[in-house]
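Q: I have a structure open at the bench and would like to learn how to read it. Could we go through its features one at a time?

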Amino acid sequence: MKNVLFTILLFSISLIGYSQPTLTIDSQSPVIGTSFEAAVVSENFDSLIVDIGTSGPDQFWDFSQYTDFNTGQFTFIEATEAPCLDSFPDANFALAISQNAADTLFVYYGIQEDTIARLGTVSGCGTDSELINYFSQPEKYYQLPATFGSSYNFSSTNQTIFN
């Protein structure tokens, strides 16, 4: 009897190891204060060709042919820490993207039921070069819960205001 119970327990544990995770709002919401550096290809995106291969684990994409990169610091912050919050009252958090201290772009996000959505962007808040970009319908960034193979469609339009 002990061997049967042990076998069932071992089998159950092995199934957990092979199951696909389900992504939820709680598991995918960014951690405020998280910061990372990233590079963006600044060459013509129309010429960006990457063979994505087949789906599955252990993918490797070779970007070595692209040498012109802009790097920036990306930091998740509380919405209340971002400038021009009054333009995005439904924002739950923001992403500050800076290439230098004087040039920071703020991307505002909202968490709405099962979606993390981009509400808009601001650069140069309070300056002569202020640029605010609103999405009339929040742009879905993630539709959750999601599992491997999930897909979703969204449509969005935006309005840009130069102050």
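A: Happily! Keep in mind that this is a predicted model. Let's begin with the disulfide: the torsion about the S-S bond of Cys84 and Cys125 is about 95°, so this disulfide is right-handed.

Q: Which parts of the chain does the pair of Cys84 and Cys125 link?

A: The pair links distant parts of the chain, with the two cysteines 41 residues apart. Cys84 sits in the loop between β2 (69–78) and β3, while Cys125 sits in the loop between β5 and β6 (131–143). The S to S distance is 1.6 Å, and the structure holds one disulfide.

Q: Is Cys84 buried or exposed?

A: Here a cut-off helps: buried means under 20% relative accessible area. Cys84 has a relative accessibility of 12%, so Cys84 counts as buried. Cys125, at 26%, is partly exposed.

Q: How do the elements run from the N terminus on?

A: Read them in chain order: α-α-β-β-β-β-β-β-β. That gives two helices and seven strands.

Q: In what sense do β4 and β5 pair?

A: Strand β4 (residues 103–112) and strand β5 (residues 115–123) are antiparallel, paired over eight bridges. Look at the turn end too: Gln112 has Thr115 in β5 as its bridge partner. The hairpin has two residues between its strands, and Glu113 takes a positive phi near 50°.

Q: Why look for nonpolar side chains that sit together?

A: In soluble globular proteins, such side chains tend to be buried together. In this model, the largest nonpolar core has 13 residues. Those touching the most other members are Ile77, Ala82, Phe88, Ala91, Phe106, Tyr108 and Val122. Strands β3 (93–100), β4 and β5 each supply at least two residues of this core. Another core, of seven residues, lies apart from it and includes Phe76, Phe93, Leu95 and Val107.

Q: Which residues is Ala82 in contact with, leaving aside its neighbours within four places in sequence?

A: Ala82 contacts Ile77, Ala94, Phe106 and Tyr108.

Q: And for the chain as a whole, what percentage of the residues count as buried?

A: The figure is 24% of the 163 residues. For the surface, the chain exposes about 11,500 Å², and carbon and sulfur atoms supply 56% of that area. As for contacts with a separation of 6 or more, residues 24 or more positions apart account for 48% of them.

Conventions. Residues numbered from 1 in each chain as written. Predicted model: local features only at pLDDT ≥ 70, side-chain atom pairs only at ≥ 80, totals over all residues. Heavy atoms only, no water. Pairing = 2+ DSSP bridges. Helix = DSSP H or I, 4+ residues; strand = E, 2+ residues; numbered from the N terminus. Core = buried A, V, L, I, M, F, W, Y, C linked by side-chain atoms within 4.5 Å. Buried < 20%, exposed > 50% of the residue type's maximum accessible area, 1.4 Å probe, protein only. Contact = heavy atoms within 4.5 Å. Areas by Shrake-Rupley, 256 points an atom, 1.4 Å probe, with all protein chains shown as cover. Disulfide = S-S within 2.5 Å.
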